[in-house]
Amino acid sequence: MLALGQDEIAKYPFLADAGQYLKDKGFTLEQFGNDPDLKPLVAKAFERIQVAADGKIYKSELIGEKASKEAALPREVFSFLLAIVLLKLSGMHTLIKRFSLAEARRAEKYLEKDLANISDESKKELAIRIIDDLFSVQVEKLDDYFVISISDYLKHSINFHEREWKLINRHVENGQVFLTPHETVRLIRKELGTYINSKIINAKTPTMIPGFEDSVNKLVLLSKKFITFTVTTGEYPPCIKHAIEELEKGENLPHSGRFMLGTFLLSKGQSVEDIAPLFKNAPDYNQRVTLYQLNHLAGTSGSGTKYICPSCEKLKTQDLCFAIPECDNIINPLQFGKKRK
Amino acid sequence: MQESDIKFLEDSFKKYYFEHFDLIRVPERTFEREFGYQKFNSGMIRHISIKDDKELHLLFMQNIPSDVYCSNAYYTFPNLPMNEKDWKEADLIFDIDAKDLNLSCRENHTVSICNECNEVSKNSAHCLKCNSTKIEKKSLPCKNCIDSSKTEVLKLSEILIDDLAIDKENIHVYFSGNEGFHVYVYDSQFQQIGSRERSELADYIMFNGVIPETFGMKKFKPNRSSFPNFNENGWRGRFSKQVFGSKSKRSKIISELLVNGYSSFQKTLDNVSEKIGVKIDPNVTMDIHRIFRLPGSINSKSGLTKILCKNLTKFDPYSEASFLSDESIEVFANSPIEFSLKNKKFGPYINEKVTLPTFAAVYMICKKLATIA
């Protein structure tokens with residue numbers, strides 16, 4: 001584990017061992033519930049979650065005057081740790097998710113600043129080490145850029161759906177990808193969120209602490225806001241329509257297209273027997289083989305693996321995507337026509 | 001395929017495997033690979049593990065397979081079902097096939113074989129005799145097909161070496177045994193990446209999914225200086241050479257691009273992609289559980305061997321990948337298209353009985369254009 005100074009823990013509080021930190025500072029959780037001097041920190045923790053739930057990033061007090069920094073630093077760390085306690089007590093997973101993401105984006109800002117810090121080499125080194133320790137991505141500085149190996153880049157970039165993150169839209173040279181500090185940090189945002197999320201999920205849930213009840217109840221109410229309902233139009237996306245048309249015309253739909261069609265319709269609840277006749281016009285149609293393959297996709301034969309419909313990105317690569325405006329940036333054909341209410 | 005054809009092909013293949021086992025390239029770390037094979041008129045048998053070259057030889061002699069495959073992946077337990085194999089890593093593989101290159105010559109050397117009445121006709125969407133649309137197409141690739149495929153291999157190698165920093169020695173190019181080339185990359189930084197990452201790599205190589213911003217074009221206030229320079233590395237350099245043609249034309253062409261605007265630039269990129277993107281089959285590259293034709297084995301689509309190309313530019317598959325004997329055999333031939341093998345010309349044959357050397361007879365039977373008389 002990294003050895004961190006006080007201000008680093010304030011910037012990256014998720015790196016701290018929570019129990020140890022409280023012990024080192026000489027506090028117990030109960031004190032925060034009943035000590036009038038400490039109680040405001042619980043309110044501050046609640047606020048930190050509320051800001052995250054609104055999709056905003058919690059503004060730290062660290063930017064304030066230097067004189068108050070001494071006192072502000074532990075308050076920063078406490079409010080983070082208490083927020084986790086509140087989240088655990090509320091048991092609301094949607095809030096934990098939102099909180100993790102917001103905290104990741106907050107830390108991202110500091111990481112980016114530290115990476116770009118030319119005057120303090122140690123700050124840059126720490127940022128590079130955090131990225132390496134947490135996400136096994138080795139970053140090297142080269143002139144104004146940060147370079148990472150293509151394979152490391154791909155492991156993270158595949159989580160993005162924006163085209164600018166595709167390798168083809170990157171500066172690639174000599175087996176490496178060149179990134180700005182902002183892009184370097186942005187690349188690991190999701191994993192940073194996942195890391196914080198898993199830390200919270202794995203933390204022990206304490207028993208209710210007197211003085212925390214109000215905040216916990218408010219969190220339960222807050223999370224109700226995020227319950228969503230979805231409705232679907234039932235219409236097929238253009239890629240699926242195209243595949244069905246090709247088959248109807250007796251064209252030779254490639255294996256990848258058949259895979260897409262089969263997995264899509266199976267996911268929509270159709271049975272193998274419903275789907276098989278679609279293929280009867282294919283030039284190489286063989287009923288036995290078709291049923292075998294569909295059963296394989298459905299997981300009713302073979303290894304039992306149930307295959308899922310490929311992502312839009314994969315279908316683009318395979319030349320099977322015929323996107324229309326109604327696709328509306330979905331990432332899998334199965335989402336077509338689904339609207340959140 | 002009829003029994004006598006199968007027997008003839010099996011005898012010819014067996015003789016090859018007996019006499020030329022040295023051409024089989026037993027892959028490194030043999031026991032970590034999954035092997036599979038097919039027999040004539042039969043399905044795939046896979047999930048086989050093999051200890052060494054002796055065991056592999058035995059497989060050939062006992063089964064006389066029509067096709068043999070070996071995984072690019074390495075597993076702890078290659079003989080177990082897929083989800084129990086324990087995948088470790090996989091060599092990077094590429095498939096370049098003349099049929100994917102949209103070549104105009106293909107129309108001239110593709111035949112249509114009716115699945116209903118077996119009628120053979122020159123390239124047609126339906127059977128000229130019974131009008132059925134259940135047509136199987138077979139191509140007898142020409143020199144242009146092979147040369148165009150070679151060009152794609154060279155484009156691919158350039159990107160692998162320059163952009164992906166792969167050592168030249170770790171790139172092995174094989175003639176696929178039919179209409180194209182298989183390229184293997186060993187010991188690269190990509191050994192352990194998964195399927196989605198490989199799909200991204202395929203898009204990079206194919207020049208797929210490019211946005212105008214990458215080449216300097218912005219929706220608002222585009223800036224001349226962010227357009228690529230002629231001598232830049234990677235795709236920006238290759239783009240410059242294709243679009244500007246020469247250094248001196250760069251400035252003038254950038255002005256034109258700026259006038260035409262953002263969406264026109266996207267179209268330019270799509271057109272350029274067709275020319276400078278490498279036409280690999282992305283499904284092969286992104287598959288990390290594939291069993292891929294074993295180097296040195298015969299491709300039953302042609303009777304030619306999948307063979308290492310030491311000198312790609314000079315390589316001629318029709319003389320260098322044909323290893324079957326010259327022994328004569330009588331066949332009924334029906335091939336409206338002529339072809340060359342081992343520097344000899346054959347055909348066209350119109351429903352006639354001819355005596356041919358084994359290598360040519362095998363080629364035609366594999367293409368369903370002849371049967372044993």
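**Exercise 1. Domains of chain B.** How far apart do the C-alpha centres of domain 1 of chain B and domain 2 of chain B lie?

*Solution.* The structure is a predicted model, in which local features need pLDDT of at least 70 and side-chain atom pairs count only at pLDDT 80 or more, while totals for chains, interfaces and linings use all residues. Residues are numbered from 1 along each chain as its sequence is written, and chains are lettered from A and ligands numbered from 1 in the order in which they are written.

Step 1: take the bounds, which come from an automatic or database domain assignment. Domain 1 of chain B comprises 3–100 + 142–204 + 281–372, and domain 2 comprises 208–276.
Step 2: compare the C-alpha centres of the two domains, which are 39 Å apart.
Step 3: place this beside the box that the C-alpha atoms of chain B fill, roughly 75 × 50 × 35 Å along the principal axes.

**Exercise 2. The interface.** Determine which elements of chain B supply residues to the side that touches chain A.

*Solution.* Step 1: apply the contact criterion, C-beta atoms placed from the backbone and lying within 7 Å. By this criterion, 32 residues of chain B touch 26 residues of chain A.
Step 2: assign these residues to helices (DSSP runs of H or I, at least four residues) and strands (DSSP runs of E, at least two), numbered from the N terminus. On this side of chain B, α4 (195–206), α5 (234–244) and α8 (282–285) each supply at least two residues. The most comes from α4(B), with eight residues.
Step 3: sort by class, where Ala, Val, Leu, Ile, Met, Phe, Trp, Tyr, Cys and Pro are nonpolar, Asp, Glu, Lys and Arg charged, and the others, Gly among them, polar. The side of chain B that touches chain A has 15 nonpolar, 10 polar and seven charged residues.

**Exercise 3. A helix pair in chain A.** Describe how α4(A) and α6(A) are arranged.

*Solution.* Step 1: fit the axes as lines to C-alpha atoms over the stretch in contact, with angles from 0 to 180 degrees between N-to-C directions. The axes of α4 (residues 40–53) and α6 (residues 93–115) of chain A come within 8 Å and cross at roughly 90 degrees.
Step 2: classify the angle: under 35 degrees is roughly parallel, over 145 roughly antiparallel, 65 to 115 roughly perpendicular and the rest oblique. The two helices, α4(A) and α6(A), are therefore roughly perpendicular.
Step 3: list the contacts. A:I49, A:V51, A:A52 and A:A53 of α4(A) meet A:L95, A:R98, A:F99, A:A102 and A:E103 of α6(A). This contact has seven nonpolar, no polar and two charged residues.

**Exercise 4. A sheet in chain B.** Which strands stand at the edges of the open sheet?

*Solution.* Step 1: establish the pairing, which requires at least two DSSP bridges between two strands. The four strands of chain B follow the order β6-β11-β10-β15, with antiparallel pairing.
Step 2: identify the edges. In chain B, β6 (92–97) and β15 (307–308) each have a single partner strand, so one side of each is left without a neighbour in the sheet.
Step 3: examine one pair. Two bridges join β10 (residues 171–175) of chain B to β15(B), where B:L308 is the bridge partner of B:Y174.
Step 4: add the helix. Across β6, β10 and β11 (180–185) of chain B lies α3 (residues 143–162), running at about 15 degrees to β11(B).

Key:
Contact = placed C-beta atoms within 7 Å.
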